[in-house]
Amino acid sequence: MSRTRFCVPPALVALLPLVLAACTTGKTAFYHQEEFSDTSAFSRSFPGSEKAVCEAARRALLGQGYVINKSTDNTMDGNKSFQPASDKHMEIAFHVVCASNGNGKSATMFVSATQDGYGIKKSNSSASLGVSVLGSVSMPFAASDDSMVRVSSETIRSPDFYDRFFGAAERYLLVDVEDDSASPKKPESK
């Protein structure tokens, strides 16, 4: 009686583990969340120069207790710390970029905020003492080192959060008036 042999190409054998591994991983790639749509919660246009728009953002952050870490005419970074519990620490960090819309009369403010969470990490240590006659002796001295470690970090995606920030920035916006007739004239000297 003859047997029929089934022959599997070597390429298929090599690909089979990869195909099975791809089917078993249930992780979603985060880049699928990025829409790059025309409207975004992370930007808003305002009347005024990019310098005036960034100044409004700076004042809005300062008005809410944020510390400005870095500031130029068109960029800034600021952060604020929170402690919701004795063993937890939260921090919100803002990154703001202001760009002219090219017409000299308006600028767009781009804002991204991240929320970082920190927790206490405890590490215990004990002391040991080596004595040449007795050998090594462990002493009951115990020390505990506590340190804060970052346990979470995520970009804040809430449109309502950014709407509140843009509203606060709009209240501080000082639009440059280019009309000379509105400004008082200096008296001429004789």
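The paragraphs below lead from the overall layout of this predicted model to one helix, one residue and two pockets.

The chain holds 3 helices and 6 strands, and from the N terminus on these elements run in the order α-β-α-β-β-β-β-β-α. Of its 190 residues, 19% count as buried. Among the contacts with a separation of 6 or more, residues 24 or more positions apart account for 56%.

A good place to begin is helix H2, which covers residues 50-63. At 1.5 Å a residue, its 14 residues should span 20 Å, and because the end C-alpha atoms are 20 Å apart, the expected and the modelled values agree. An α-helix has 3.6 residues a turn, so residues three or four places apart point the same way. With that in mind, the reader can look at the buried positions of H2, which are Ala52, Val53, Cys54, Ala56, Ala57, Ala60 and Leu61. After the helix comes glycine 65, whose phi is positive, near 90 degrees.

One of these buried residues, Cys54, leads on to strand E3, since it is in contact with threonine 75, a residue that lies in this strand of residues 75-85. Is threonine 75 buried or exposed? Its relative accessible area is 16%, and because buried means under 20%, threonine 75 counts as buried. Its side chain is joined to that of threonine 72 by a polar contact of 2.7 Å. Leaving aside neighbours within four places in sequence, threonine 75 also touches Lys70, Val96 and Val97, in addition to Cys54.

The pockets come next. Rolling a probe the size of a water molecule over the atoms shows where empty space is left. The largest pocket has a volume of about 340 Å³ and is lined by 12 residues, of which Glu35, Ser37, Ser40, Phe42 and Arg157 lie nearest its centre. By class, this lining has 4 nonpolar, 5 polar and 3 charged residues.

The second largest pocket holds about 240 Å³ of space, and of the 13 residues that line it, Gln64, Tyr66, Phe161, Arg164 and Phe165 are the closest to its centre. Two or more lining residues come from each of H2, E3, strand E4 (88-100) and helix H3 (159-172), so the helix and the strand described above both meet again here. Helix H3 gives the most to this lining, with 5 residues. By class, the lining of the second largest pocket divides into 9 nonpolar, 1 polar and 3 charged residues.

Technical notes
Residues numbered from 1 in each chain as written. Predicted model: local features only at pLDDT ≥ 70, side-chain atom pairs only at ≥ 80, totals over all residues. Heavy atoms only, no water. Helix = DSSP H or I, 4+ residues; strand = E, 2+ residues; numbered from the N terminus. Buried < 20%, exposed > 50% of the residue type's maximum accessible area, 1.4 Å probe, protein only. Polar contact = N/O pair within 3.5 Å; in protein donor to acceptor, adjacent residues only side chain to side chain. Contact = heavy atoms within 4.5 Å. Expected span 1.5 Å × (residues − 1). 1 Å grid on protein atoms, 1.4 Å probe; cavity = no way out; pocket = protein on both sides within 12 Å on 5 of 7 lines; lining within 4 Å. Points joined across faces, edges and corners; volume = space filled by probe spheres on them. Nonpolar A, V, L, I, M, F, W, Y, C, P; charged D, E, K, R; others polar.
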